[in-house]
Amino acid sequence: MPVVRIPTVLRRHTDGEAKLSVTGGTVREVFDELVAAHPGLEDQLFEDGDLRGFVNVFVEDEDIRFISGLDTPVEPDDEVAIMPAVAGGAVS
Amino acid sequence: MRFEDVSQAIGNTPLVGLPHLSPPGSRIYLKLEGDNPTGSVKDRVARSLIEQAEKHGQLAPGQRILEPTSGNTGIALAALCRVKGYPLTCVMPANTSEERKQLLTMFGAELVYSPAEEGSNGSVRVARELAEADPDVHMPFQYGNPANPLAHYETTAPEIIADLPDVAAFVAGLGTGGTVTGAGRRLKEWNPDVKVFAAEPEYGDLVYGLRNLDEGYVPEVLDLDVLDSRIKVDSRKALTMTRRLADEEGIFAGVSTGASLAVAVRVCARLPEGSSIVALSPDGGWKYLSTGAYAPGDVDEIADRIAGTLWA
């Protein structure tokens, strides 16, 4: 099953879980199942059925906005990472 | 080359081939921005921010400049402000490294710290509050100022085109988005077939420092339409490639360079046989020695230990 990585800021909606295994052949299917199990995520991830602007989603490290968006295919051993958009530069 | 002051010695950095790290059938070149006067690509941006503000009448002689910066931009601005006669205040996270604090202080900048746990978003917030409270300061704000991508449109990309006219792809890290947007746009005007890839650093959890996603931020200067893809790189991969760069090519660079190089190696397979790829190296490794990034030991362990303080 694909693994979804949850950023710290969203873990209060996943009972603190950082990684969740979810079935689905596209990002949309994966997220639908994710939201069904953790309804608090819906408003965090979606706005009017689309991904929110401050959410970046990567399948195997590639930003889905440059593949097929929510229809981007997900293979069974793929990693889907949800990452917040932040200003660049480090704390170092 | 002779220059009358340091501001004129910015740019015209070397483009250096990587014969050992380039996958077979591809040629990767690194543009070594660490060769700029204060040691980073941000010299170009700082000069553009100041000169555009002067040109548009936004900056009076002797007026204080205020900018949120995690390091390189501040150091570049501080040096230029010295020769151009502007006082400077830099807003940065409290856990900024000693090297940077000392460099900035030596260049005469005033330092204001934002909460470490808010990361660079916190610096942006604090700087905006300070600028609103004091109408006498000028905040160039590199995240939203077209002078930032303009620096790369007018200098970085033309240098690449002059040195490597058959460039097929360009890779740079995503911070403000100025490099990929400005250089990428110019390269695509030169040849629409040029591919532009952004390396998105996957910071340690600490860096995100958000209480909710609404505190996220997409820099205004970033134009996603210029990008062909955005690929994230974690600390371990970036550090591994940075150390290989020293070990195999004799180039000592910061960890952001390793991230862009990892993306360059990854995308070679998508380009025609014989393609030339340029990855931008924003700075050398000197400022990061104290992080332990280059210390002997297991790369995975080092990456885990310093994931929160690694990136530039």
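**Chain B as a whole**

Select chain B and colour it by secondary structure: 10 helices and nine strands make up its secondary structure. Its radius of gyration is 19 Å, close to the 20 Å that the globule rule gives for 312 residues, so chain B is as compact as a globular protein of that length. Please bear in mind throughout the tour that this is a predicted model.

Display only the C-alpha atoms of chain B and turn the view along the principal axes. These atoms fill a box of roughly 55 × 40 × 40 Å. Of the 312 residues in chain B, 55% are buried. Consider also the contacts in chain B between residues at least 6 apart in sequence: 71% of these join residues at least 24 apart.

**Helices α1 and α5 of chain B**

Next, select residues 42–55 of chain B, which form helix α1, together with residues 147–163 of chain B, which form helix α5. Their axes come within 8 Å and cross at roughly 115°. Angles of 65 to 115 degrees count as roughly perpendicular, and α1(B) and α5(B) are therefore roughly perpendicular to each other. The handedness of this crossing is right-handed.

Which residues make the contact between the two helices? On the side of α1(B), show Arg44(B), Val45(B), Arg47(B), Ser48(B), Leu49(B) and Gln52(B). On the side of α5(B), show Ala147(B), Asn148(B), Leu150(B), Ala151(B), His152(B), Thr155(B) and Thr156(B). Coloured by character, the residues of this contact divide into five nonpolar, six polar and two charged.

**Helices α2 and α3 of chain B**

Now move to residues 72–84 of chain B, helix α2, and residues 98–106 of chain B, helix α3. These helices pack at an angle of about 15°, and their axes are 9 Å apart. Angles under 35 degrees count as roughly parallel, so α2(B) is roughly parallel to α3(B). The crossing of α2(B) and α3(B) is left-handed.

To see where they meet, show Gly74(B), Ile75(B) and Ala78(B) in α2(B), and then Arg100(B), Leu103(B) and Leu104(B) in α3(B). Four residues of this contact are nonpolar, one is polar and one is charged.

**Thr38 of chain B**

Select Thr38(B), which is located in the loop between β2 (26–32) and α1 of chain B. Is this residue buried or exposed? Thr38(B) counts as buried because it has 22 C-beta neighbours inside 10 Å, and 20 or more are required for that class.

Add Asp43(B), Ile75(B), Ala76(B) and Ala79(B) to the selection: Thr38(B) is in contact with these residues, leaving aside its neighbours within four places in sequence. Ile75(B), one of these partners, has already appeared in α2(B), where it takes part in the meeting with α3(B). A distance may also be displayed here: Thr38(B) and Ile10(B) are 28 residues apart in sequence, and their C-alpha atoms are 9.0 Å apart in space.

**Trp190 of chain B**

Continue to helix α6 of chain B, residues 178–190, and select Trp190(B) within this helix. Trp190(B) is partly exposed, because 15 other C-beta atoms lie within 10 Å. Then add Ile161(B), which is 29 residues from Trp190(B) along the chain; their C-alpha atoms are separated by 8.0 Å.

**Two residues with a positive phi**

Most residues other than glycine have a negative phi. Two residues may be inspected with this in mind.

Begin with Asn12(B), in the segment before β1 (15–17) of chain B. Asn12(B) is not a glycine, yet its phi is positive, at about 50°. Asn12(B) is exposed, with 12 other C-beta atoms within 10 Å.

Then select Asp15(A), in the loop between β1 (3–5) and β2 (19–21) of chain A. Asp15(A) likewise is not a glycine and has a positive phi, of about 55°. With 10 other C-beta atoms within 10 Å, Asp15(A) is exposed.

**Chain A as a whole**

Finally, select all of chain A. How many helices and strands does chain A have? There are two helices and seven strands, and along the sequence they follow the pattern β-β-α-α-β-β-β-β-β. The radius of gyration of chain A is 13 Å, close to the 12 Å that the globule rule gives for 92 residues, so chain A is as compact as a globular protein of that length.

Taken along the principal axes, the C-alpha atoms of chain A fill a box of roughly 40 × 30 × 30 Å. Buried residues account for 37% of the 92 residues in chain A. Among contacts in chain A between residues at least 6 apart in sequence, 53% join residues at least 24 apart.

How values were computed: Residues numbered from 1 in each chain as written. Chains lettered and ligands numbered in written order. Predicted model: local features only at pLDDT ≥ 70, side-chain atom pairs only at ≥ 80, totals over all residues. Axes fitted to C-alpha atoms, helices over the stretch in contact; angles between N-to-C directions. Helix = DSSP H or I, 4+ residues; strand = E, 2+ residues; numbered from the N terminus. Parallel < 35°, antiparallel > 145°, perpendicular 65-115°, else oblique. Left-handed = near helix turned anticlockwise from the far one by under 90°. Contact = placed C-beta atoms within 7 Å. Nonpolar A, V, L, I, M, F, W, Y, C, P; charged D, E, K, R; others polar. Rg over C-alpha atoms; globule rule 2.2 N^0.38 Å.
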